[in-house]
Amino acid sequence: MNQLETKIQTEGRIIDNRILKVDSFINQQLDPDIYREIGVRMAAQFAQSNITRILTIEASGIAVALATAYELHCPVVFARKQKQSAFSDELYVTKIHSYTKNTDYHVTVSKEFLPAGESVLIVDDFLARGEASFGLARLVESSGSKVAGIGIVIEKSFQPGGRLLREAGYDLHSLVKIKAFTNNQVVFDE
């Protein structure tokens, strides 16, 4: 078991056998040792992909993206969750449904920071149904760049997101896969 899995096992909290809370080291309080591991492992997965830019979504994806970008030596761009602005012609915009919060967001990225011809790695902390990853991929593809890969810290493999992204042809790598929550305990996918 790696350091990330150990932290999930010892400090993660499962609510209603449905939601994993990792606020003590990933989502609210950040553990720099865990983020060092995340950055090194994520970068290793995509080291041969010629990544020129990393895209994530605010807020919890930013630390994952920065840790990875530090290893890959490329800039990080994050999509903002906001309503369409008066300057919408300067933005790429897509709608994303949040499974955890059960709400829709219009996510935007300035066209200035997502130019055409890039090789973009999408990263995020969690993958459940794939809504955020598909939305970020739409933004990348609208810009005329290509999605070089998708890197996820924790994938809930019992939900359809990973399968759907892989079936759509995306190069998806997750650092940890969770097969199930049983009696409010994590069961890792080997």
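This passage describes one helix, two pockets and one buried residue in a predicted model.

Helix 4 covers residues 60-72. Its length can be checked with simple arithmetic. At 1.5 Å a residue, the 13 residues of helix 4 should span 18 Å. The C-alpha atoms at its ends lie 19 Å apart, which agrees with that expected span. Several residues of helix 4 are buried: G61, V64, A65, A67, T68, A69 and L72. These buried residues pack against one helix and several strands. The helix is helix 3 (32-45). The strands are strand 3 (53-57), strand 4 (76-81), strand 7 (119-127) and strand 8 (146-156). Just after helix 4 comes H73, which takes a positive phi of about 60 degrees.

The largest pocket holds about 800 Å³ of space. Its lining is made up of 29 residues, and those closest to the pocket centre are S60, S98, T100, D125 and F126. Five elements each supply at least two lining residues: strand 2 (19-21), helix 2 (23-27), strand 5 (91-98), strand 7 and helix 5 (131-143). Strand 7 gives the largest share, with four residues. Strand 7 is also one of the elements against which the buried residues of helix 4 pack. By class, the lining of the largest pocket has twelve nonpolar, ten charged and seven polar residues.

The second largest pocket contains about 150 Å³ of space. Its lining consists of V76, V77, F78, R80, L91, T108, V109, S110 and F113. Strand 4 and strand 6 (103-110) are the elements that give two or more residues to this lining. The largest share comes from strand 4, which provides four residues. Strand 4 likewise packs against buried residues of helix 4. The lining of the second largest pocket divides into six nonpolar residues, two polar residues and one charged residue.

T108 belongs to that lining. Its place is in strand 6. The relative accessibility of T108 is 3%, and the cut-off for a buried residue is under 20%, so T108 counts as buried. Which residues does T108 contact, leaving aside its neighbours within four places in sequence? The contacts are F78, A79, R80, Q82, L91, Y92 and V93. Among these contacts, F78, R80 and L91 also line the second largest pocket. T108 therefore combines a buried position, at 3% relative accessibility, with a place in the lining of the second largest pocket.

Key
Residues are numbered from 1 along each chain as its sequence is written. This is a predicted model: local features need pLDDT of at least 70, side-chain atom pairs count only at pLDDT 80 or more; totals for chains, interfaces and linings use all residues. Side-chain values use heavy atoms; hydrogens and water are left out. The expected span of a helix is 1.5 Å times one less than its number of residues. Buried means under 20% relative accessible area, exposed over 50%, partly exposed in between (1.4 Å probe, protein chains only). Contact means heavy atoms within 4.5 Å. On a 1 Å grid over the protein atoms alone, a cavity is a set of points where a 1.4 Å probe fits but cannot get out, and a pocket is an open set with protein on both sides within 12 Å along at least five of seven lines; lining residues have an atom within 4 Å of a point. Grid points are joined across faces, edges and corners, and a volume is the space filled by probe spheres set on the points. Ala, Val, Leu, Ile, Met, Phe, Trp, Tyr, Cys and Pro count as nonpolar, Asp, Glu, Lys and Arg as charged, and the others, Gly among them, as polar.
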